[in-house]
2 protein chains.
Amino acid sequence: MQKTAVTQQPINELIAKRWSPRAFDASKPVSHEQIIALLEAARWAPSCFGDEPWRFIVWDKNADAKSWQQAFDCLAPSNQTWVKNAPILMLVCADSLFGHNQKENRWGQYDTGAAAENLCLQASSMGLVAHQMGGFNTDAAREAFKIPAQITPMAMLTVGYEGDANDLPDEIKTRELAPRKRKPLGEHFFTGTWGKPVKA
Amino acid sequence: MQKTAVTQQPINELIAKRWSPRAFDASKPVSHEQIIALLEAARWAPSCFGDEPWRFIVWDKNADAKSWQQAFDCLAPSNQTWVKNAPILMLVCADSLFGHNQKENRWGQYDTGAAAENLCLQASSMGLVAHQMGGFNTDAAREAFKIPAQITPMAMLTVGYEGDANDLPDEIKTRELAPRKRKPLGEHFFTGTWGKPVKA
């Protein structure tokens with residue numbers, strides 16, 4: 001389904017077309033080569049001091065169903081209803097400390113968000129879709145996958161081929177078919193000083 | 001200058017080619033339409049609960065040199081040596097609270113990093129370059145631009161046309177000409193559980 005962003009100036013097609021579907025096609029696996037391409041896109045994001053504070057754990061249902069299930073079990077039930085059809089699950093984490101001196105890295109989460117966005121855009125560019133979720137049990141994930149204390153689990157995400165929205169439960173289907181929307185540009189984008197809306 | 005990422009599987013060209021130069025061409029302004037396109041790319045990033053926690057302030061040297069200078073003055077001296085040639089400066093901020101209930105948004109910085117990455121990729125796609133910096137005085141920026149307490153200044157960034165690396169001071173020129181590098185894939189990307197390297 002195309003949900004191209006409505007913008008006041010044309011933007012790059014890859015960025016305009018990325019969105020976060022919930023309908024996945026359970027019959028189409030994602031290849032190992034595709035997974036590596038997704039991770040490479042994340043890997044080449046920029047980061048403060050080149051620290052690369054992101055960490056990703058990948059679960060491929062077709063390669064290791066048991067581990068995938070363990071990851072799936074960490075998700076909020078509301079997400080599980082649609083994630084069940086997604087062949088790939090990932091957990092995106094941020095290091096809270098710099099690697100070179102183990103001091104606080106205040107850009108750890110910010111840089112990790114950039115890496116995850118690269119991954120989502122890369123998915124789009126390969127004809128896949130990706131969807132990030134905040135709704136998961138971080139303590140359960142930390143316990144199940146032995147995530148160190150200095151690491152913050154930020155998001156879980158799904159990757160796969162887009163499925164048929166008609167297969168979704170009614171409430172989720174309604175959200176799936178709704179138009180994408182954003183606040184007016186001038187609400188969050190300012191010129192010269194705080195709160196002065198940029199004019200398109 | 002091309003510094004295409006070296007990857008184990010091909011990735012999208014836009015993501016592969018984005019990098020963060022320090023040499024800017026002071027003679028080439030960025031148009032208002034280009035600025036809007038950059039902000040639109042950021043605006044269409046994904047965010048938790050669709051909160052769009054990012055805030056951007058833009059300074060255009062050619063439209064308002066005085067405000068641009070105020071922003072420039074917030075930068076660390078080591079950045080000022082090369083930023084002086086960049087026509088556009090921005091400050092990227094993250095809301096620490098959700099807009100709909102004013103409760104803590106633990107994804108505020110993560111989502112803001114995604115928006116900034118979209119902007120940097122959009123710059124690349126228009127033949128511009130962007131460079132993010134953590135080295136600036138957040139208190140000075142907060143004071144100068146009246147940034148509310150719940151908002152966290154994350155990064156300043158430059159946008160413009162790439163200049164000639166030979167015009168940079170020696171030490172910066174050396175960094176500019178060095179190859180881009182990243183840690184081996186398996187160091188930060190795991191499969192099945194924490195610490196188990198993904199195999200390319």
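Here is a short conversation about a predicted model of two chains, A and B.

Student: Glad to have this one open! What rotation superposes chain B on chain A?

Tutor: Two copies of a chain are related by a rotation about an axis and a shift along it. Here the shift along the axis is 0.0 Å, and the superposition has an RMSD of 0.0 Å. That is the relation of a two-fold axis. The rotation is 180 degrees.

Student: What percentage of the interface residues of chain B are also interface residues in chain A?

Tutor: Chain A and chain B each bring 62 residues to the contact. The copies meet through the same surface, because the share of interface residues of chain B that are also interface residues in chain A is 100%.

Student: Which element gives the largest share of the side of chain B that touches chain A?

Tutor: Several elements of chain B give two or more residues to that side, including helix 1 (13-17), helix 2 (32-43), strand 1 (54-60) and helix 8 (185-188). By character, the residues on the side of chain B that touches chain A are 33 nonpolar, 18 polar and 11 charged. The largest share is 12 residues, and the element that supplies it is helix 5 of chain B.

Student: Now to the sheets. In the one ordered 3(A)-4(A)-2(A)-1(A)-5(B), which strands stand at the edges?

Tutor: This is an open sheet of five strands with mixed pairing. An edge strand here has a single partner strand, so one side of it is left without a neighbour in the sheet. Neighbouring strands are turned by 25 degrees against each other on average, direction ignored. The edges are strand 3 of chain A and strand 5 of chain B.

Student: And what is the bridge partner of I57(A) in strand 5 of chain B?

Tutor: Strand 1 (residues 54-60) of chain A pairs with strand 5 of chain B in the parallel sense, over three bridges. Within strand 5 of chain B, the partner of I57(A) is F190(B).

Student: At the other end of that sheet, which residue stands opposite H131(A) in strand 4 of chain A?

Tutor: Strand 3 of chain A and strand 4 (residues 151-160) of chain A are antiparallel and share five bridges. Opposite H131(A), in strand 4 of chain A, stands T158(A).

Student: Which elements of the sheet does helix 2 of chain A touch?

Tutor: Helix 2 of chain A has 12 residues (32-43) and reaches 16 Å from its first C-alpha to its last, close to the 16 Å expected. Nine of the 12 residues are buried, among them I35(A), I36(A), L38(A) and L39(A). The direction of helix 2 makes about 170 degrees with that of strand 1 of chain A. The elements touched are strand 1, strand 2 (88-95) and strand 4 of chain A together with strand 5 of chain B.

Student: Is L128(A) buried or exposed?

Tutor: L128(A) sits in the loop between helix 5 (108-125) and strand 3 (129-133) of chain A. Its contacts beyond four places in sequence include V30(A), Q34(A) and Y161(A), and its C-alpha is separated by 6.8 Å from that of V159(A), 31 residues apart along the chain. The cut-off for burial is 20 or more other C-beta atoms within 10 Å. Because L128(A) has 21, it is buried.

Student: Over to the sheet ordered 5(A)-1(B)-2(B)-4(B)-3(B). What is the bridge partner of F189(A) in strand 1 of chain B?

Tutor: This open sheet has five strands and mixed pairing, with strand 5 (189-191) of chain A and strand 3 (129-133) of chain B as its edge strands. Strand 5 of chain A runs parallel to strand 1 of chain B, joined by three bridges. The partner of F189(A) in strand 1 of chain B is F56(B).

Student: How many residues of strand 3 of chain B are buried?

Tutor: Strand 3 of chain B pairs with strand 4 (residues 151-160) of chain B in the antiparallel sense over five bridges, and H131(B) stands opposite T158(B). Strand 3 of chain B is largely enclosed by the rest of the structure, because the number of its five residues that are buried is four.

Student: Last one: how does N137(B) count, with 15 C-beta neighbours inside 10 Å?

Tutor: N137(B) is in the loop between strand 3 and helix 6 (138-145) of chain B. Its C-alpha is 7.0 Å from that of A76(B), although the two are 61 residues apart in sequence. Because it has 15 C-beta neighbours inside 10 Å, N137(B) counts as partly exposed.

Terms used
Residues are numbered from 1 along each chain as its sequence is written. Chains are lettered from A and ligands numbered from 1 in the order in which they are written. This is a predicted model: local features need pLDDT of at least 70, side-chain atom pairs count only at pLDDT 80 or more; totals for chains, interfaces and linings use all residues. The expected span of a helix is 1.5 Å times one less than its number of residues. Two residues are in contact if their C-beta atoms, placed from the backbone, lie within 7 Å. Ala, Val, Leu, Ile, Met, Phe, Trp, Tyr, Cys and Pro count as nonpolar, Asp, Glu, Lys and Arg as charged, and the others, Gly among them, as polar. Two strands pair if DSSP finds at least two bridges between them. Copies are superposed by least squares on the C-alpha atoms of residues with pLDDT of at least 70 in both. Axes are lines fitted to C-alpha atoms, for helices over the stretch in contact, and angles run from 0 to 180 degrees between N-to-C directions.
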